[in-house]
Amino acid sequence: GSGTRTRVMPLEMVRAALFAAFAEVLTPLEALAMELAASTRADVVHEDEQHEGSEVLYTGIDASMNPGLEDGYSVAEAMEVALGGRSFGRGGTLAMSATITAVLKS
């Protein structure tokens, strides 16, 4: 972290903001994926079209987070900001990790 201390964000605020951000990005993507899967189902494709083996099976989105490769884009840095500038691993890190995990699973 930068060492600058600010106010700690309440966990419910972090959860709500993270959930909203994921929903904003993933909801349209999921709708598109479901539409693609539906349009390639065998009972939807016309008999005169050659689409054998082209069925798309949609089983969901993997919303797990990968580490950012640039400064300012890592999960740890985001957690430090939400924790009011506390270094990763200090008080609140475990609760913040649990909150992020709960959002990813929802």
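**A friendly note on the two main pockets**

1. A good place to start is the largest pocket, which holds about 260 Å³ of space. Its lining is made up of 15 residues, and those closest to the centre are V14, L18, M65, A78 and I100. Please keep in mind as you look around that this is a predicted model.

2. Where does the lining of the largest pocket come from? At least two residues each are supplied by α1 (11-39), α2 (75-82) and α3 (93-105). Of these helices, α1 has the largest share, giving five residues to the lining.

3. The chemistry of the largest pocket is easy to summarise: its lining counts 14 nonpolar residues and one polar residue, with no charged ones.

4. Next, have a look at the second largest pocket, whose volume is about 230 Å³. To find it in the structure, pick out its lining: F19, F22, A23, L26, T27, E30, Y58, I61, A63, V103, L104 and S106.

5. Which helix gives the most to the lining of the second largest pocket? That is α1, with six residues. Both α1 and α3 supply at least two residues to this lining. You will recognise α1 from the largest pocket, where five lining residues come from it.

6. How do the residues lining the second largest pocket divide into nonpolar, polar and charged? Nine are nonpolar, two are polar and one is charged. For the largest pocket, by contrast, the count of charged lining residues is zero: no charged residue is found there.

Methods. Residues are numbered from 1 along each chain as its sequence is written. This is a predicted model: local features need pLDDT of at least 70, side-chain atom pairs count only at pLDDT 80 or more; totals for chains, interfaces and linings use all residues. Side-chain values use heavy atoms; hydrogens and water are left out. On a 1 Å grid over the protein atoms alone, a cavity is a set of points where a 1.4 Å probe fits but cannot get out, and a pocket is an open set with protein on both sides within 12 Å along at least five of seven lines; lining residues have an atom within 4 Å of a point. Grid points are joined across faces, edges and corners, and a volume is the space filled by probe spheres set on the points. Helices (H or I, at least four residues) and strands (E, at least two) are DSSP runs, numbered from the N terminus. Ala, Val, Leu, Ile, Met, Phe, Trp, Tyr, Cys and Pro count as nonpolar, Asp, Glu, Lys and Arg as charged, and the others, Gly among them, as polar.
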